[in-house]
Amino acid sequence: MLNALKLLPSRLLLRAALFSAAYFGLALLSQQVSFQAATFPTYWFPSGLFVAVLLLSPFSDWPAYLAGALVASLAFSSVQQQPLIDSVLLYVSCALEAVTGAWLVTRFDRQAGKFSSPANVLNLIVFSALLSSALSATLSTTLLATLQRGIYFWATWRIAWFSHGLGILIIGS
């Protein structure tokens, strides 16, 4: 692992560390502005940051940002006193959402992340805020329903989808 870190350019390592710190800060902010009775944050701002960073970065840099998000997710989960398995599985859900959303947007939009036309904004909304957040909501809600008792699947799914979609629309654009 340390040898892999030595191969990363120092600028990319610094950007990944700053991204990780911002992700953690936005996770704390999401927790603070969310409804307290919810199973998880009702606004998940890190989703928008994650998608935006991937959209603005070359594909070769994505693994560094995925590692940074993992560190931030584990740190946030430890602050929230969540079990490690829950933390890792929810990270996988968020990472899948960001990678899927960013990949779909870049696949169908040559000017991904520029928002110079209504079509650019529509691509972000459809592929990332709607589709990839639905995928993440399905995965994370299924995991929560499997690991915890008393979860109402569709009510929780709607909150997860809404919170991640809003995070992408608010922060990602």
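## A seven-helix chain and its helix packing

Helix α2 (residues 10–33) and helix α4 (residues 62–79) have axes that come within 8 Å and cross at roughly 35 degrees. The crossing of α2 and α4 is right-handed. On the α2 side, the contact is made by Leu 12, Arg 15, Ala 16, Phe 19, Ser 20, Tyr 23, Phe 24, Ala 27, Leu 28 and Gln 31. On the α4 side, the residues are Ala 64, Tyr 65, Gly 68, Ala 69, Val 71, Ala 72, Ser 73, Ala 75, Phe 76 and Val 79. Sorted by character, the residues of this α2–α4 contact are 15 nonpolar, four polar and one charged. Please keep in mind throughout that this is a predicted model.

### The chain as a whole

Let us step back to the overall fold. The protein chain has seven helices and zero strands, and its pattern along the sequence reads α-α-α-α-α-α-α. The radius of gyration is 16 Å, close to the 16 Å that the globule rule gives for 173 residues, so the chain is as compact as a globular protein of that length. Along its principal axes, the C-alpha trace spans about 45 × 45 × 25 Å.

Of the 173 residues in the chain, 44% are buried. About 9500 Å² is exposed by the protein chain, and carbon and sulfur atoms supply 70% of that area. Among contacts with a separation of 6 or more, 67% come from residues 24 or more positions apart.

### The second face of α4

Helix α4 also packs against helix α5 (residues 84–108): their axes come within 10 Å and cross at roughly 145 degrees. This crossing of α4 and α5 is right-handed. From α4, the contact draws on Trp 62, Leu 66, Ala 67, Ala 69, Leu 70, Ser 73, Leu 74 and Ser 77. From α5, the partners are Leu 84, Ser 87, Val 88, Tyr 91, Ala 95, Val 99, Ala 102 and Trp 103. The residues of the α4–α5 contact divide into 13 nonpolar, three polar and no charged.

Ala 69 and Ser 73 are worth a look in the viewer: both are listed in the contact with α2 and in the contact with α5. A general point about helices helps when reading such lists: an α-helix has 3.6 residues a turn, so residues three or four places apart point the same way.

### An enclosed helix

How many residues of α3 are buried? The count is 10 of the 10, so α3 is largely enclosed by the rest of the structure. These buried residues are Pro 46, Ser 47, Gly 48, Leu 49, Phe 50, Val 51, Ala 52, Val 53, Leu 54 and Leu 55. Their cover includes α2, α4, α5, α6 (118–147) and α7 (153–171).

Ser 47 gives a closer view of helix α3 (residues 46–55). Ser 47 counts as buried because its relative accessibility is 3%, where buried means under 20%. Leaving aside neighbours within four places in sequence, Ser 47 is in contact with Glu 97, His 164 and Ile 168.

### Residues with more exposure to solvent probes

Here are four residues set out side by side.

| Residue | Location | Relative accessible area | Class |
|---|---|---|---|
| Arg 11 | helix α2 | 66% | exposed |
| Val 71 | helix α4 | 54% | exposed |
| Gln 81 | loop between α4 and α5 | 71% | exposed |
| Leu 139 | helix α6 | 28% | partly exposed |

Some distances help to place these residues. Arg 11 and Leu 147 are 136 residues apart in sequence, with their C-alpha atoms 39 Å apart in space. Val 71 and Leu 84 are 13 residues apart along the chain, and their C-alpha atoms are separated by 12 Å. Val 71 is exposed, and it is also one of the α4 residues in the contact with α2.

Gln 81 has a backbone feature to check: its phi is near 55 degrees, a positive value in a residue other than glycine. As background, most residues other than glycine have a negative phi.

Leu 139 and Leu 90 are 49 residues apart in sequence, yet 8.4 Å apart in space, C-alpha to C-alpha. Not counting residues up to four places away in sequence, Leu 139 touches Ser 93 and Leu 96.

Methods:
Residues are numbered from 1 along each chain as its sequence is written. This is a predicted model: local features need pLDDT of at least 70, side-chain atom pairs count only at pLDDT 80 or more; totals for chains, interfaces and linings use all residues. Side-chain values use heavy atoms; hydrogens and water are left out. Axes are lines fitted to C-alpha atoms, for helices over the stretch in contact, and angles run from 0 to 180 degrees between N-to-C directions. Helices (H or I, at least four residues) and strands (E, at least two) are DSSP runs, numbered from the N terminus. A crossing is left-handed if the near helix is turned anticlockwise from the far one by less than a right angle, and right-handed if clockwise. Contact means heavy atoms within 4.5 Å. Ala, Val, Leu, Ile, Met, Phe, Trp, Tyr, Cys and Pro count as nonpolar, Asp, Glu, Lys and Arg as charged, and the others, Gly among them, as polar. Buried means under 20% relative accessible area, exposed over 50%, partly exposed in between (1.4 Å probe, protein chains only). The radius of gyration is taken over C-alpha atoms; the globule rule is 2.2 Å times the number of residues to the power 0.38. Accessible areas come from the Shrake-Rupley method with a 1.4 Å probe; for residues, only the protein chains shown count as cover.
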